[in-house]
Amino acid sequence: VEPESYNDSQTHFSTWFIEGSNVCPDMRCPGFESVFSSEIVPGMVISPVSTTSGKKQYITVRVSKDQNSGDWQIYYGFNGDAKLAGYYPRSLFTSLSDKPVTILFGGYALRKDQKPSPPMGSGNAPFKNAASFRSIKFFDAGGNAHPIDFRLGFISNCYTISVIENDGFFYGGPGNIC
């Protein structure tokens, strides 16, 4: 949810890449190549979203490097398996041509000026009914899955994150605290 960028208060599927001093969100920079059969491209609305008392929706996201082309592929699935949505061509990157330097994932909330921080995820503190990631895994170059079972890096004074248990974690919170 980023009203200043999207002119709405809806949840969007967002990707960013940073190469040198260039910060490129979604489709605002040349580079991302969508595939014809994709149901989504970066920046599109994800709908419907989960509610605390209703049906839980989920998206499946996978990022991988194509072993033949060297392109970075983005897979996306809504309440199901992820399918190729598109890719960032290898030619866009110098630092990612051989290996990823950093891949970040999580929630994003932005406050404008000195207003209180907005809610993140469902607005509930991590645990029951909070926003969550599940089935998170690292895939090596051979395509073998490895669980991520260590404490994640965390950048926030306003929101919290649970420990990883059973390949998942909860995050977010009500905001208004910073």
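Two strands are taken to pair if DSSP finds at least two bridges between them, and helices (H or I, at least four residues) and strands (E, at least two) are DSSP runs, numbered from the N terminus. The structure described here is a predicted model, in which local features need pLDDT of at least 70 and side-chain atom pairs count only at pLDDT 80 or more, whereas totals for chains, interfaces and linings use all residues. Residues are numbered from 1 along each chain as its sequence is written, and side-chain values use heavy atoms, with hydrogens and water left out.

The secondary structure of the protein chain comes to one helix and eleven strands, and from the N terminus on these elements run α-β-β-β-β-β-β-β-β-β-β-β. Of the 178 residues in the chain, 30% are buried, where buried means under 20% relative accessible area, exposed means over 50%, and partly exposed covers what is in between (1.4 Å probe, protein chains only). The chain exposes about 11,700 Å², of which carbon and sulfur atoms supply 53%; accessible areas come from the Shrake-Rupley method with a 1.4 Å probe, and for residues only the protein chains shown count as cover. With contact defined as heavy atoms within 4.5 Å, residues 24 or more positions apart account for 50% of the contacts that have a separation of 6 or more in the chain.

Strand pairing was examined next. An open sheet of four strands has the order E3-E6-E5-E4, with antiparallel pairing, and its edge strands are E3 (33-34) and E4 (59-65), each of which pairs on one side only. Strand E3 is joined to strand E6 (residues 83-88) by two bridges, the two strands running antiparallel, and Glu 33 stands opposite Tyr 87 in E6. Elsewhere, E7 and E11 pair in the antiparallel sense over three bridges, while two bridges join strand E10 (residues 160-161) to E11, again in antiparallel fashion. In this second pairing, the bridge partner of Thr 160 is Gly 172 in E11.

The structure holds five aromatic pairs, counted where rings of Phe, Tyr and Trp (its six-membered ring) have their centres within 6.5 Å, with planes under 30 degrees apart taken as stacked, over 60 as edge-to-face and the rest as tilted. One of these pairs joins Phe 32 and Tyr 88, whose ring centres are 5.1 Å apart and whose planes stand at 70°, so the pair is edge-to-face. Because Phe 32 lies in the loop between strand E2 (22-25) and E3 and Tyr 88 lies in strand E6, this pair ties together parts that are 56 residues apart in sequence; both Phe 32 and Tyr 88 are buried. The rings of Phe 133 and Phe 169 also have their centres 5.1 Å apart, but their planes are at 15°, so this pair is stacked. With Phe 133 in strand E7 (residues 131-133) and Phe 169 in strand E11 (residues 169-172), the pair ties together parts that are 36 residues apart in sequence. Phe 169 is, in addition, the bridge partner of Phe 133 in E11. Phe 133 counts as partly exposed, at 21% relative accessibility, whereas Phe 169 is buried, with a relative accessible area of 4%. Ring pairs further link Phe 133, Phe 169 and Tyr 171 into a cluster.

Charged side chains also sit over aromatic rings, a relation that requires NZ of Lys or CZ of Arg within 6 Å of the ring centre and within 35 degrees of the ring normal. The charged end of Arg 28 sits over the ring of Tyr 6, 5.2 Å from its centre, and Arg 62 lies over the face of Tyr 75, at 3.9 Å from the ring centre.

A search of the whole structure finds one disulfide, defined as a pair of cysteine sulfur atoms within 2.5 Å. It is formed by Cys 24 and Cys 29, with their sulfur atoms 2.5 Å apart, and the torsion about the S-S bond is about -85°, so the disulfide is left-handed. Cys 24 is buried, with a relative accessible area of 7%.

Most residues other than glycine have a negative phi, and most peptide bonds are trans. The peptide bond from Ser 47 to Pro 48 is nevertheless cis, with omega near -5°, and Pro 48 is found in the loop between E3 and E4. Asn 7, in the loop between helix H1 (3-6) and strand E1 (16-19), has a positive phi near 60° and is exposed, with a relative accessible area of 70%. Ser 135, found in the loop between E7 and strand E8 (137-139), likewise has a positive phi, of about 55°, although it is not a glycine.
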